[in-house]
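Welcome! Let's take a short walk through this structure together, one site at a time.

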Amino acid sequence: MKLPEPDREFLDRSGITYRVFDDDTGMLNVELIDFPLPPGLSASTASVLFRLSASYPDTPPDMWWVIPHLTRIGGGVIPATEIIETHDGRSWQRWSRHLDPSAWRSGIDSLESYVRLLRTELGSAAA
Amino acid sequence: MSATLRLTGPLHDGLVVMATSPIETGAVLLAHQLTLDDGTVILFGDDLIAVPDDAYEIRTDRALQITSDGYIHALKTARDRGMIALWVHSHPGDRAIPRPSTHDRRVNEQLEPLFGDRTETEQYGYLVVSHDAGALTFTGELSGQVTTSITRIAVSWQRWIFRPAYDAPTGADRALFDRNIRAFGDGIQSTISGLTVAIVGAGGTGSATAEQLTRLGVRSFILIDPDTLSDSNTTRVYGSTPADVGRPKVDVLGDYLERIAHGVHTTRIQGSILTEAVARTLIGADVVFGCTDDNAGRLRLSRLPYYYLTPVIDCGVQIPSDQDGLISGVFGRVTTLHPGAACLACRDRIDFALAEAETRSAEEQQRLEKEGYAPALPGVEPAVVTFTTLVAATAVSELLERLVGYGDTPTPSELILYIHDRTLRGNIEDPHTGHYCDPATRRIGTDADMFLGLNWAS
Ligand SMILES: [Zn+2]
Ligand SMILES: [Zn+2]
């Protein structure tokens, strides 16, 4: 499995370092490495994991996972991040963020749209 | 070995304009070339680039001479797009003979190395076009890497045209098909007899569709279904008997179709179109009928017309029930997908959450369902032979309408059957801008990297 060309182009163009790997569940894993985080979180960069099904890009990625486990510097809980899951032999903090089905324009949207959502969500978690 | 040239409506129109012009006209046709496992070659037309007026040195009703400026630019475009280039010229006049003259043969010999070289494909092709009362006639050949004649042009747009080459032997069994021929004429009957039709899903709707197509004259089928026949299937599957329970559905249907008529050939694939190798066999079909209930399969079928110019007729039956388990309606849907019309996704005919659920591992699906993050997969749905047969007959009628053109225009690309209400309604939906069904996104030949632009789990 591989990342569609528009996504590869987007990640390269944005200067995002990434790694792509398969697992035994039939999902394509895309790990963004040293992804910069907004101030206000307990780290300045993180690894972010997307898991794409065979229906991607007709269907959106669902949730993402982060290492290290993030908290808010100012205190308070980041919603829906309490579950820990193991992928690729590492333990990830799961961010259960689910798109409204109508928010994903099937066949048009791509990782570029999803990274935009990621940035927005990280921003509001930090604020 | 033979080659089929697949075209969209606008490209076909372009060839007709050339063919009906009173003076000889030249152009370069750019096409993506694909050789299937069985050696069949398919050309997917991409662009028709006319010879600029100032490149004609001689141009009359019976002769043509152009400078290399007439095609050099087109060859460069072909190279940039990774396509082959075919030299196209017309023989003017109604019922003129579209066969290369001795002079044409000499021109082909000169152009072959040049075209192969400039496009960097080592491939050449030519097409001579004329017309018979406005209908395109042609002969053509490929030479170079692949050498074969172009035996058929297939057009997928509002109307579907399957035109054999000028000299190709045609003709259906006139006695056998007498009643069909009285309805549609000789030409349509030979078209039907020459089709290769893929049926995805060999259950109630698929078997009824296949039986009708066989009796109409289709002789070549690709049958795809992963399942074996169950007891309860025999209430709907044409050709099945209790003795068939446990056999692969594709074999039950295939054996039956081959008994209906002489010369029926079925390629049977016991598998799912969620598998790349299985889905790829659909490229070789002239028309595909989608007769399954799954959303993940529809997600994939929906892309086929726009990447491979293969029209798809997708159908389904829905029998919703109320809280007490009583039928609250009986709905049928027949959606015709072709270049120029919207795909299933743009029409909102695919439940994406269910499509995801259908492709997830059982373990992951269970976990997500428990957490409330995934919809439960539906259990066994109601199905009734009269309704599946009604929808199948509507779907096959859509194929006939596209071939014959007996209906009103513009042609509805979807029919909804309100069976409980005894009503049938058509609708038209245009491709959504920027989507893969939008012709401006030019998907043909762009999926060498990922088949249909998707990842395939297996
Ligand atoms: Zn000629
Ligand atoms: Zn679409």
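Below we visit a metal site and then a pocket. Keep in mind along the way that this is a predicted model.

Start at the zinc ion (ligand 2). Which atoms hold the zinc ion (ligand 2)? Three of its donors are sulfur atoms, the SG of Cys343(B), Cys346(B) and Cys437(B), and the ND1 of His435(B) completes the set, at 2.0 to 2.3 Å. The angles between these four donor atoms run from 97 to 118°, and because four donors count as tetrahedral when all angles lie between 85 and 135 degrees, the arrangement is tetrahedral. For comparison, the ideal angle for four tetrahedral donors is 109.5 degrees.

Now follow the chain. The donor residues are spaced C-x2-C-x88-H-x1-C in sequence. Cys343(B) sits in the loop between β16 (331-337) and α11 (352-359) of chain B, while His435(B) belongs to the segment after β18 (423-427), so this pair ties together parts that are 92 residues apart in sequence. Are these two residues buried or exposed? Cys343(B) has 0% relative accessibility and therefore counts as buried; His435(B), at 2%, counts as buried too.

Next, turn to the largest pocket, which holds about 1700 Å³ of space. Its lining is made by 50 residues, and Thr292(B), Asp293(B), Asp294(B), Arg298(B) and Glu381(B) lie nearest its centre. Elements of chain B giving two or more residues to this lining are α6 (204-216), α9 (295-301), β15 (312-318), β16 and α11. β15(B) gives the most, with four residues. By character, the lining divides into 21 nonpolar, 16 polar and 13 charged residues.

Definitions and conventions: Residues are numbered from 1 along each chain as its sequence is written. Chains are lettered from A and ligands numbered from 1 in the order in which they are written. This is a predicted model: local features need pLDDT of at least 70, side-chain atom pairs count only at pLDDT 80 or more; totals for chains, interfaces and linings use all residues. Side-chain values use heavy atoms; hydrogens and water are left out. Donors are N, O and S atoms within 2.8 Å of the metal (3.2 Å for Na, K and Ca); water is not among the atoms, so sites may look incomplete. Four donors count as tetrahedral if all angles lie between 85 and 135 degrees; four count as square planar and six as octahedral if opposite donors are over 155 degrees apart and all others between 65 and 115; anything else is irregular. Buried means under 20% relative accessible area, exposed over 50%, partly exposed in between (1.4 Å probe, protein chains only). On a 1 Å grid over the protein atoms alone, a cavity is a set of points where a 1.4 Å probe fits but cannot get out, and a pocket is an open set with protein on both sides within 12 Å along at least five of seven lines; lining residues have an atom within 4 Å of a point. Grid points are joined across faces, edges and corners, and a volume is the space filled by probe spheres set on the points. Ala, Val, Leu, Ile, Met, Phe, Trp, Tyr, Cys and Pro count as nonpolar, Asp, Glu, Lys and Arg as charged, and the others, Gly among them, as polar.
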